[in-house]
Amino acid sequence: MPSLIKIDNVTKVYDNGFEALKGINLEIEKGEILALLGPNGAGKTTLISLICGIVNATSGTVTVAGHDTVKDYRKTRSMIGLVPQELTTDAFETVWATLSFSRGLFGLPPNPAHIEKVLRTLSLWDKKDSKIMQLSGGMKRRVLIGKALAHEPEILFLDEPTAGVDVSLRKDMWQTVHELRQSGVTVILTTHYIEEAEEMADRVGVINDGQIIVVEKKADLMSKLGKKQVILHLSEPLTALPKALQSDAIELSEDGERLIYTYNTTAKRTGVTKLLSTLAAEGISFRDLDTSQSSLEDIFVSLVEDAA
């Protein structure tokens, strides 16, 4: 099955010589949620703008459902909804009028039933007659999503969708995105919130300095690059590691009460059994143990540092 979005060797160089994108290759499947992670200035917004037809690539091609975003821009733009970072709405219009006008911009006939469905999905139905200026920042961001969905796009781009939104509303919006995906909408989001990608994404792409470092299924990425730790709470504190336990993988806590053993989750052998045998041979006992695994944030930081 061909990819819904295909980005082929795309570069973007601005007039001042700044190279924002450097040979980007990426394919996005229909119905998935892809999270693009990267620090400020990494190229996330530029990449989204290229796919949406807001700016043109210096070289390379972008296709949406087989249509070139430059040659067939009317077709591709009609398939895409974009939620920008900035809160750009007419403050004096009502919520209902804002969504209806956005739908009309794409040459579509009025469809009150669809507008109502979008507003109810976004928990905005009771605000339909309110002016935008009367809404909270979180509600305004929901209106932006509503505007992007008003013309029934197949693809939704969310550029930092929960920036400035409180934690409870952020989780509500995560649920909304899952519901949109279930209805068949393909979702691509950029975010600074690692937990957002960890919660929502099927795949994660890491972009830094205009280059895609990695694109992997979230579970595969965490499996390949994640590390796991076994933390042993010792029955008696140690002043130093015995020679038999001295290893880069084993660390003694400052108070001497815990041993921290770190291993790669992809290794054929974890080494935990050998560790426990060595402890027994050294006469070191423990009263409890914990385990922890790298978060997506740990992996992201590691990838960006390695690419620097």
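**Exercise 1: the aromatic pair**

Let's start with a count: the structure, a predicted model, holds 1 aromatic pair. Find how its two rings are arranged, and which parts of the chain they tie together.

*Solution.*
- Step 1. Look at W96 and W125, whose ring centres are 6.1 Å apart.
- Step 2. Compare the ring planes of W96 and W125: they stand at 70°. Planes over 60 degrees apart count as edge-to-face, so that is the arrangement of this pair.
- Step 3. Place the residues. W96 belongs to helix α3 (residues 95–105), while W125 is in the loop between α4 and α5 (137–149). The pair therefore ties together parts that are 29 residues apart in sequence.

**Exercise 2: around W125**

Work out whether W125 is buried, exposed or partly exposed, and which charged end sits over its ring.

*Solution.*
- Step 1. The relative accessible area of W125 is 22%. Buried would mean under 20% and exposed over 50%, so W125 is partly exposed.
- Step 2. Its partner W96 has a relative accessible area of 26% and is partly exposed as well.
- Step 3. Now look over the ring of W125: the charged end of K128 sits there, 4.6 Å from the ring centre.
- Step 4. Elsewhere, the charged end of K12 sits over the ring of Y14, at 5.1 Å from its centre.

**Exercise 3: strand β8 and its neighbours**

Determine how many residues of β8 are buried, and which sense β8 takes when it pairs with β3 and with β7.

*Solution.*
- Step 1. β8 spans residues 186–191, and 6 of its 6 residues are buried.
- Step 2. Side chains in a regular strand alternate between the two faces of the sheet. In β8, one side carries T186, I188 and T190, and the other V187, L189 and T191; both faces are covered.
- Step 3. β3 (residues 33–37) pairs with β8 in the parallel sense over 5 bridges, with A35 opposite L189.
- Step 4. β7 (residues 155–159) also pairs with β8 in the parallel sense, over 5 bridges. Here I155 stands opposite T186.

**Exercise 4: the open sheet**

Identify the edge strands of the open sheet ordered β2-β1-β4-β5.

*Solution.*
- Step 1. This sheet has 4 strands, and the pairing is antiparallel.
- Step 2. β2 (19–28) and β5 (67–68) each have a single partner strand, so one side of each is left without a neighbour in the sheet. These are the edges.
- Step 3. For one pairing, take β1 (residues 5–13) and β2: they are joined over 6 bridges, and I7 stands opposite L26.

Methods:
Residues are numbered from 1 along each chain as its sequence is written. This is a predicted model: local features need pLDDT of at least 70, side-chain atom pairs count only at pLDDT 80 or more; totals for chains, interfaces and linings use all residues. Side-chain values use heavy atoms; hydrogens and water are left out. Buried means under 20% relative accessible area, exposed over 50%, partly exposed in between (1.4 Å probe, protein chains only). Two strands pair if DSSP finds at least two bridges between them. Rings of Phe, Tyr and Trp (its six-membered ring) pair if their centres lie within 6.5 Å; planes under 30 degrees apart count as stacked, over 60 as edge-to-face and the rest as tilted. A charge sits over a ring if NZ of Lys or CZ of Arg is within 6 Å of the ring centre and within 35 degrees of the ring normal.
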